[in-house]
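Morning, everyone. I have one structure to go through today, so let me put it on the screen.

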Amino acid sequence: MQQPTRAQPKYALAAYDPEAAPYDEIWALCADAQHLFADQPPDRPGVPEERDSPSDALTEPPVRLLGCSPRGALKDGLESGRSDLGHGRVLRLGRLGRPLQHAVEGEVVAWIPSARGPGLVDLALDPWTVRPPRAAEKVWDAWWSGRPTEPNLWARDGTGIEGRSHWLAVARAYGGQPGPGPAPGTTYHLDGRHITDEPAFYCALGEAVNGPGGYVGRSAETLQDRLRGEADAPPPITLVWHAAHTARTCLGVTPRTDARPPSFEELLALLGQMDVEVVLA
């Protein structure tokens, strides 16, 4: 898999504007970032959730954007010496400069000249949104050169359920099949070896229908829209679910209650409601 090089920016800082679509003015292109990821620590038996003092809480340092080439309003602010540099959102980029996913939002609180080259700066951003998990970086690296061509990259070690959620977010933007839905009578083969949770089901189903990196939804509602395509009713298709025992074991067969993820039997019923004939293999 091709990895990012120093000459190619991995991140962009965009002006924060919740009404801009999809992103507002790009303020800077940056070679790299530090302190961007923050995995939640595992629960420890016997340790209460509430801390007795503020010093017991984990404090994350500001996100640092390294080797940034400022432009627009940010460049004007730096040159004028303005202390208030504004609010921005950090975007992870692909090799061709295409934004893959929004990473974090916050306030630009400081800057220094960068050691990475003349005219470049290092920026400090104090986030007000949750930082992405480290698994997100593995997903972004997999999409660095464009849509993946190797199947099951979403299931590789280290991504976990959090990584699969980020995978589905990127695949939603770049892994769908435009135009009409599946043709009637089409047969798809679902690789079920890695379906251990609900996001894994949607990752695998997206690849079964649209190839590596493919997307057909991330919930019952979005799946229905994608499989239906432009028709009023979904076409009858066949899905051969290989290694179905993995999902049956991991998801269980007991109907869900409250917010519990759907069981294996409920996923089968969902597909049946969309006129998908499932063959367990």
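Strand β7, residues 187-191, pairs with β8 in the parallel sense, over 5 bridges. Keep in mind as we go that this is a predicted model. If you want one position to find that pairing by, take Thr-187, which stands opposite Thr-238 in β8.

Now β8 itself. Is this strand mostly covered or mostly open? Mostly covered: β8 spans residues 237-242, and 5 of its 6 residues are buried. β8 also pairs with strand β9, residues 276-280, again in the parallel sense and over 5 bridges. There, Ile-237 stands opposite Val-276 in β9.

Next, two helices. α6 covers residues 244-251 and α7 covers residues 264-273. Their axes come within 8 Å and cross at roughly 120°. Angles over 115 and up to 145 degrees fall outside the perpendicular and antiparallel classes, so α6 is oblique to α7. Which residues meet in this contact? From α6 there are Ala-244, Ala-247, Arg-248 and Leu-251, and from α7 there are Phe-264, Glu-265 and Leu-267. By class, the contact has 5 nonpolar and 2 charged residues, and no polar ones.

Last item, the barrel. It is closed, has 6 strands with antiparallel pairing, and runs β1-β2-β3-β6-β5-β4. On average, neighbouring strands in this sheet are turned by 45° against each other, ignoring direction. As one example of the pairing, β2, residues 26-34, and β3, residues 63-70, run antiparallel and are joined by 6 bridges. Within that pair, Ala-28 has Pro-70 in β3 as its bridge partner.

Technical notes: Residues are numbered from 1 along each chain as its sequence is written. This is a predicted model: local features need pLDDT of at least 70, side-chain atom pairs count only at pLDDT 80 or more; totals for chains, interfaces and linings use all residues. Side-chain values use heavy atoms; hydrogens and water are left out. Buried means under 20% relative accessible area, exposed over 50%, partly exposed in between (1.4 Å probe, protein chains only). Helices (H or I, at least four residues) and strands (E, at least two) are DSSP runs, numbered from the N terminus. Two strands pair if DSSP finds at least two bridges between them. Axes are lines fitted to C-alpha atoms, for helices over the stretch in contact, and angles run from 0 to 180 degrees between N-to-C directions. Angles under 35 degrees count as roughly parallel, over 145 as roughly antiparallel, 65 to 115 as roughly perpendicular and the rest as oblique. Contact means heavy atoms within 4.5 Å. Ala, Val, Leu, Ile, Met, Phe, Trp, Tyr, Cys and Pro count as nonpolar, Asp, Glu, Lys and Arg as charged, and the others, Gly among them, as polar.
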